[in-house]
Amino acid sequence: MHEADLVANTVKTWLGNPISRRLLKWVSKRNEKGSKLEVALKKYVGENEKLSIQERLAYWIVKLALDKGSQSFGVSKEQLVESLKNPLVRRGISNVLEGIGYYGVQRPQTTAAPFLIVWNFTKQCNLRCKHCYENAGPKPAPDELTTEEAKKAIDEFAEAGVVALSFSGGEPLMRKDFFEVAKYAADKEFYVSVATNGTLITEKIAQKMKDAGVQYAEISLDGFEKTHDEFRGIPGAWRRSVEGIKNCVKVGLDTGVATTATHYNLKEIPKLAEFVEKDLHARRFIVFNFIPVSRGKEIISQDLTPKEREELLDFLYSKLIDTNCKLDTFSTAPQYAVTSFKYAFGPAVPTHFTNKAAMETLQGRTKSLTEFIGGCGAGRLYCGMEPNGDIEPCVFIPIKVGNIREERLVDIWRNSPVLKKIRNRDAFKGCGECEYKNICGGCRARAYAYFNDLQGPDPGCSINEKYWDEVTRIQTT
Ligand code: SF4
Ligand code: SF4
């Protein structure tokens, strides 16, 4: 039996049967203090000495599930206890187990609440990038959440069990209350990251970000100076972004560089990766899939062909497994999981939400996890939020599925027909028939951008080549 099937079957037998699901639902039921599940996880790592009778019962159920789960994934109890000492990991496991209680064991899995929310914190931006999905400009939107509303949203996300918050934009640092809100989120034990153009990050600002509890800064660099400045629409932007990256590294912030791959910069990417590793000393290099949405529609002809994308992903993966390369090289293209599957001895890359450290902890056993994590996480592990509180399946999918001012996040997450649709991979055109549908699923934002259909094919993949031919035909007629 395939390793992934073996693991899935074990997990299904132990956690997915009706009795376990009912028990998981019971232990994960939340009140204002959290859930019995969270209490049990603390006890599992040696915290929480005094438990009520109900909590003690919950503890034994959770212990059994964890012991069995870790055995299935080949992780020792000591390793698991060590990881669970981190409150973030506990929150993550809680979210997954609660998701299994609510949805059953799935391939790929839907979590009880989004694991990650990318929050377009403001529409305001000091650059004018050609591919901007937010159509950001010099002014904020008139209806952006106020500071108090932003904090209230964070309270609600914490209650729901969300693990990570990524502030994006526009340019998130343009908002004066950024540090106050980021600190508020960090104090609530979220993993806080920032996606920024980096141009405003002086050494002092970098230190302020770190002091506010930001754990990861991702700065966009779309090539070398000429390419970047042309793409970003402002001369001098490259130099300021490079300074921003250096300042983040200098103060000891975990730093990544993000590049959106198009024909404008494709040839520069290998040299850029080298520059990021050797000159900028950032830890991560992530290549974003180009998605022709909003302003990006105007440069749709610059999208990579499936072959170009495949070669690029091969290049990134070869760097990832190169022991001489200090850089973690990832991509937001869900086909990256498929690329990693082609290498028999390399670690599988379940999704663009993973990292090398996690892969190393699992010592190559991520292959069995990839079908649970499942590539594109839109509406299943992750969602986007607009500056005014509108919730979307992904920041690149401009479909409002609810608003945080009007509804609770978990209600939107559980009941939205759009989210239900995006989770149903069997119904996907092209991708639904693909052997990799559970590890990749195709980028739903690209399917929507090209075919106006969330269940359409992602035309950026060689397996879906006929759909690529279709879109290029339409573009040239
Ligand atoms: S739709 Fe999926 S693969 Fe595409 S950017 Fe969003 S989360 Fe990533
Ligand atoms: S056909 Fe779809 S699911 Fe299969 S590898 Fe390509 S993009 Fe991924």
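A crossing of two helices is called left-handed if the near helix is turned anticlockwise from the far one by less than a right angle. Let's put that to use on this predicted model.

Q: Which hand does the crossing of helix 2 and helix 6 have?
A: Helix 2 passes helix 6 in a left-handed crossing.

Q: Why are helix 2 and helix 6 called oblique to each other?
A: The axes of helix 2 (residues 18–28) and helix 6 (residues 87–103) cross at roughly 130 degrees, coming within 8 Å. Angles of 65 to 115 degrees count as roughly perpendicular and those over 145 as roughly antiparallel. The value of roughly 130 degrees fits neither class, and the pair is therefore oblique.

Q: Which residues of helix 2 and helix 6 meet?
A: From helix 2 come Arg21, Leu24, Lys25 and Ser28, and they meet Ser94, Leu97, Glu98, Ile100, Gly101 and Tyr102 of helix 6. By type, this contact has 4 nonpolar, 3 polar and 3 charged residues.

Q: What makes strand 9 and strand 12 the edges of the open sheet?
A: The sheet has 10 strands in the order 9-8-7-6-5-4-3-10-11-12, with mixed pairing. Strand 9 (328–331) and strand 12 (402–403) each have a single partner strand, so one side of each is left without a neighbour in the sheet.

Q: In which sense do strand 5 and strand 6 pair?
A: Strand 5 (residues 191–196) and strand 6 (residues 216–220) pair in the parallel sense, over 4 bridges. Val194 has Ala217 in strand 6 as its bridge partner.

Q: Which residues come nearest to ligand 2?
A: Of the 14 residues around ligand 2, these are Cys431, Cys434, Cys440, Gly442 and Cys461. The shell divides into 7 nonpolar, 5 polar and 2 charged residues.

Key. Residues numbered from 1 in each chain as written. Chains lettered and ligands numbered in written order. Predicted model: local features only at pLDDT ≥ 70, side-chain atom pairs only at ≥ 80, totals over all residues. Near = placed C-beta within 6 Å. Nonpolar A, V, L, I, M, F, W, Y, C, P; charged D, E, K, R; others polar. Axes fitted to C-alpha atoms, helices over the stretch in contact; angles between N-to-C directions. Helix = DSSP H or I, 4+ residues; strand = E, 2+ residues; numbered from the N terminus. Parallel < 35°, antiparallel > 145°, perpendicular 65-115°, else oblique. Contact = placed C-beta atoms within 7 Å. Pairing = 2+ DSSP bridges.
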